[in-house]
Amino acid sequence: MILFWNTGVAPPAGVNDTRHPAGHEGGARQRQSSPVCATTNIRKEQNKDICINRERIMSYQGKKNIPKITSERLLIKGGRIVNDDQSFYADIYMEDGVIKQIGDNLIVPGGVKTVEANGKMVIPGGIDIHTHLQMPFRGTTTVDDFSQGTKAALAGGTTMIVDHVIPEPGASLVEAFERWREWADEKTCCDYSLHVDITHWSDSTKLEVESLIKEKGVNSFQVYMAYKDLYQMSNSELYEIFTFLGEHGGIAQVHAENGEIIAEEQTRMLEMGITGPEGHVLSRPEELEAEAVFRAVTIASQTNCPLYVTRVMSKSAADIISQARKKGNVVFGEPITASLGTDGTHYWSKNWAKAASFVTSPPLSPDPTTPDYLNTLLSSGDLSVTGSAHCTFTVAQKAIGKDDFTQIPEGVNGVEERMSVIWDKAVVTGKMDENMFVAVTSTNAAKILNLYPRKGRIAVGSDSDLVIWDTDAIRTITAKTHHSAAEYNVLEGMELRGAPLLVICQGKIVLEDGNLHATSGTGRFIPCTPFPDFAYKRVKARKQMATLKAVPRGMYDGPVSEFTAMSRGGTPSASTRSSPTKAPLRNLHQSGFTLSGPEEAPIRPAGRRIVVPPGGRSNITSLS
Amino acid sequence: MSDCRRQWNREDELPVYLAKPSTGPNQHRKSHGMFSSVEGAYDSKTIDFDQYAVGRKGNRSSRSSSRERIVDGDFEEYEISGGSILGSRGERDHGRPGAEVTDQAGKECRYDEQNNGKTERLLIKGGRVVNDDQSLYADIYVEDGLIKQVGENLIVPGGVKVIEANGCMVIPGGIDVNTCLLKPYLGSPPVDDFYQGTKAALAGGTTMIIDHVTPQPGDSLLEAFEKWQEAADKKSCCDYSLHVDIPHWHEGVKEELEQLVQDKGINSFQVYMAYKGFFQMSDSQLYESFSFLKELGAVVLVHAENGDLIAQEQSKILGMGITGPEGHPLSRPEELEAEAVFRAITLGNQVNCPVYITKVMSKSAAETVANARKKGSVVFGEPITASLATDGSHYWSKNWAKAAAFVTSPPLSPDQTTPDHLNSLLACGDLQVVGSGHCAYSTSQKAIGKDNFTLIPEGTNGVEERMGFVWDKSVAMGKMDENQFVAVTSTNAAKIFNLYPRKGRIAVGSDADIVIWDPAKIKTITAKTQQSALDYNIFEGMECRGGPVYVVSQGRIVFEEGKLQVQQGTGRFISRKPFPDIAYQRIQFRNKLMTKQGVSRGMYDGPVYDVPATPKYITPSPSAKTSPTTHQPPPIRNLHQSNFSLSGSQTDDNIPRRSGHRIVAPPGGRSNITNLG
């Protein structure tokens, strides 16, 4: 279990080789020769250059008697530490799951396990800000439970996940939260946190949200603009929720799709006889996503609440976010593994099971240039974080909707592939540098969740969730070797460069050499606090600016038209708040006025000027 | 008297500012130099018609400056004495190329006579005919309200009245696509009814209006339409047509809409995204109405504002103690307009239906329209006079009456660069038509909302000033050429609402709605001289370059040199056919392209997770995550797994299969369906 990497003074030649372009070819060739390699079983052959001196570890274990897991001490030597702001060479010493020292020539206790990084990148462990593990669905659950899912996450270099709690509409949010906590505490292999989805809105929900924020450590809540008659919120409800969250320091996450139009389109598709998975994407065109994003941005800016758009799947939705950011809105966009790695052309696959495995909402865009575009925006900072929206169903579960695409359970895999997809599509292609890579895979998420710098950064005092990233590893994604339990992988057959070589979670090495050593139940719940600076600094400042003031004027005391209050709803604008009860008041006023004026017919014909009594009243009525 | 007049219109000089108030007929003398009239020109900006009336035939009682009395007249018998008359002399004080009327026969002719005989003949000589596509010098011969000939050296019957245009622009009469002359507020109509409103329109060079029929929710659309038509037939002075607003969507409306389109000649309907709890439609209703109206070939007008959010903002702002008119723009920020425009366009694209945004008031809404057009959406944007000429800073005026006069929805943007931006977009074609949104409520009517801005009746004036301000803000600023000016004030509207080329063009066979336009005329807008019955003009004090010299409506001269001669009830209802080309040609091609096809696959016959029949999912999209946890006991799944060998006979097999799906796969042919490779 405990390793000691070869401490040769100079890195072995083989290691250096892997950084040369030639290394790619070699890797590829090897891949061909051993096709059955597990996804994370990467380049085992190549890594054999880095010898493991097990003997010495054994002897160490023999001598002293401290293999107490919690007090595991670890030294990473000679790595290039990559944070979101800078990269530098330094050693890292960690103890008790926390980084204790960073620097050169560290003074560390004797007998510490040492990992030789040999100049490889050492990055903060990834944070997958969007997963649905063990999600209940119609009496079953997704096939990846918290154990399976977090194992897959660790295998991909992700050391923390944030799962969505989805209470049934009408059910208690806190209870649902507790249930998720229970499931997760029992099984997760890495730290986790939770978003809570607000599936209905009432005064009692308000109280629950407040207690979740204040007592339970939840700072982000998702609302739905789709799923009509189920989760969907009206604009007014969204306004109220956003206002509430804005006041309490929560992040409003939205599932942005126009549910009403989708419902209409779905009916139309089914009427046209389109029942296969292609109906899914046809009934949810990307415009509807963009429209909802636009609306959400508007409501959020109106209520001065930070907005987080989950699952940005299309170019137009991403464009809206990027425009909104240019206008100064506090909005974050989250593309997911699937939207960054693949497109929606597969919905037309002749293989129903394959087509169905891509079904997720919003759907993958059929435009094949979408992944490239989203990667560009991610690199430029217009999109902020990446999730996976990992939500896997078996083919049999998907087949619930075999005759009706609206019944297909939605969700794609991606928790394991997330970091590699971004490396391959954005960093290798030259769109993004390694610091930005760290930002979008980990740091930004930590900032939004207000966990920074505990997570998302390699610094003294931070959690020791680290990944040694192998920039040259090449692996081919396939369902045969991935760690998820799903039978399909939406990235099937894709060759991805970049993979974790070694993953340290809570100070323990959980992945080395392609072997996972994760233990279920070791994951801790990490509470998030409200008012993350990343989102709220600006919001707070604006709140102070945005106080509205009335114009001080004298009372208008000119003539007022008679109107019959009983013709309720006579005008558009009166509609919202002219209640019949107000009418008498106004009539009283009317009569008061006519007394002061010269005798006139009680009802004046419109269009006639009403004579103002001698002396004039005030400048208020002057019309010039 | 008349002979000498002609001469002063010869010299090519720039005009003096505004009319010097003429104190008598003799003042219209050449003796005044170009600048001589400036002195004291601003003593009174009222054009006093009586000055001209004095000493003419058809002596009427002298009219002092009271406008209201003029209004009362059923028909104003201004007359043109024989020879030529140029009204309101001061405006073209010294001989400029100006237009003038002559009677070829040298007879005096009274207008009231001509109204009886429909055969008025008119020749407009020497004008520069400006259409939306080209300008050319030509004469125009008009007979029976139609343009009979356009060209040079026309052969016309004798005794024809001649207007010497002297090189002035001759443009198709304006079409104001958005007026509300009968829209009641709490039971009381606006002060400008069809008579006042159309009079103002004609005075501004607009020869046709399209008014909004606004039934209350629950009212019959047909009845409302007939009410409007009756009122307009009785009072309108120019041709008109009607939009019908759909106050709320239900099955019964469909029949009425069909009838309106097919029998009544209505091809445009307005829906509302604002006014929550009243006119507002949900997205689903919008989708349905768009789909239905598209089938009918109608143009969907959208009042685009997010009503839900407005309602929230309104209560918030009232809660903060802001009750004055400034609460109106504060509760309706332009973002909400842009959002709704975006949503409306999305819906339009989805349904493949043309969308027409009424009252584009803000930069962001206009940008949204422009962007959508760039992406190929069939969408039209209509800025109004107020949004093109003024801004929303006046909502903060200390004068309540002034602030309230600006209240309209969507509100004028407080951003002072808005008018300029909208004019730019109008000039480049991103916005297409200009309406006025003319809906005139008097100050006392506005004062209903003196303690609560949400009760202030909404509407601004603008029907009279519309063409002038487009000229002033766009053409005179060098943003737009005269052809585009014709396009946005008249031709585009005629095309969108299927009136073209009967309206919106000067061509043989078109209606003789013609305006002789003076680009140099300068007028200061003030409520004192306007035709509208309003006691306030939101453009008060603004100077406006460009204005009509002559307006010919239905072949009759109704306005010349500041004098109106109109008759109530002469306006005709112009019925419009559905499927206007400018909107529907693209739609129809896209319809053909947009047929979607399913993928023909073999039946999936692999294992299916058994979902216990849970009570009704009402929703069309229960898809993703229905009921977490509680509902059903899971173990059934295994049972089902064993059933799977029944090869595809599922519980829902009784549901008829759709064509295009192969049901039976040949033996052995199924395997690839479940194959996971």
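A residue counts as buried here when its relative accessible area is under 20%. Keep that in mind as you look around this predicted model. Chain A has 624 residues, and 64% of them count as buried. Below is a quick tour of chain A as a whole, one of its helices, one strand residue, and a sheet in chain B.

**Chain A overall**

- Chain A contains 21 helices and 18 strands.
- Take the contacts in chain A between residues at least 6 apart in sequence: 77% of these join residues at least 24 apart.
- The accessible surface of chain A adds up to about 21700 Å², and carbon and sulfur atoms account for 54% of that.

**The annotated domain**

- An unreviewed UniProt entry puts the annotation "domain: Amidohydrolase-related" on residues 121-510 of chain A.
- That span, residues 121-510 of chain A, is 39% helix and 19% strand.
- The C-alpha atoms at the two ends of residues 121-510 of chain A are 17 Å apart.

**Helix 8 of chain A**

- Helix 8 of chain A runs over residues 235-248, so at 1.5 Å a residue its 14 residues should span 20 Å. The end C-alpha atoms are indeed 20 Å apart, which agrees.
- Most of helix 8 of chain A is covered, with 10 of its 14 residues buried.
- The buried residues in helix 8 of chain A are A:N235, A:S236, A:L238, A:Y239, A:I241, A:F242, A:F244, A:L245, A:G246 and A:H248.
- Right after helix 8 of chain A comes A:G249, which has a positive phi, near 80°.

**A:T131 and its surroundings**

- You'll find A:T131 in strand 6 of chain A, which covers residues 126-131.
- With a relative accessible area of 0%, A:T131 falls under the 20% cut-off, and therefore A:T131 is buried.
- Setting aside neighbours within four places in sequence, A:T131 is in contact with A:I161, A:V162, A:D163, A:H164, A:S388, A:H390 and A:V415.

**A sheet in chain B**

- Over in chain B, seven strands make an open sheet in the order 7-8-9-10-11-12-13, with parallel pairing.
- The edges of this sheet are strand 7 (174-179) and strand 13 (379-383) of chain B, and each of them pairs on one side only.
- From one strand to the next, the twist averages 25°.
- As general background, strands of a sheet pair through backbone hydrogen bonds, either parallel or antiparallel.
- Strand 12 (residues 355-360) of chain B runs parallel to strand 13 of chain B, and four bridges join the two.
- To spot a bridge partner, look at B:I357, which is matched with B:G381 in strand 13 of chain B.

Note on methods: Residues numbered from 1 in each chain as written. Chains lettered and ligands numbered in written order. Predicted model: local features only at pLDDT ≥ 70, side-chain atom pairs only at ≥ 80, totals over all residues. Heavy atoms only, no water. UniProt positions renumbered as here; feature names shortened; annotations may be inferred. Pairing = 2+ DSSP bridges. Axes fitted to C-alpha atoms, helices over the stretch in contact; angles between N-to-C directions. Buried < 20%, exposed > 50% of the residue type's maximum accessible area, 1.4 Å probe, protein only. Contact = heavy atoms within 4.5 Å. Areas by Shrake-Rupley, 256 points an atom, 1.4 Å probe, with all protein chains shown as cover. Expected span 1.5 Å × (residues − 1).
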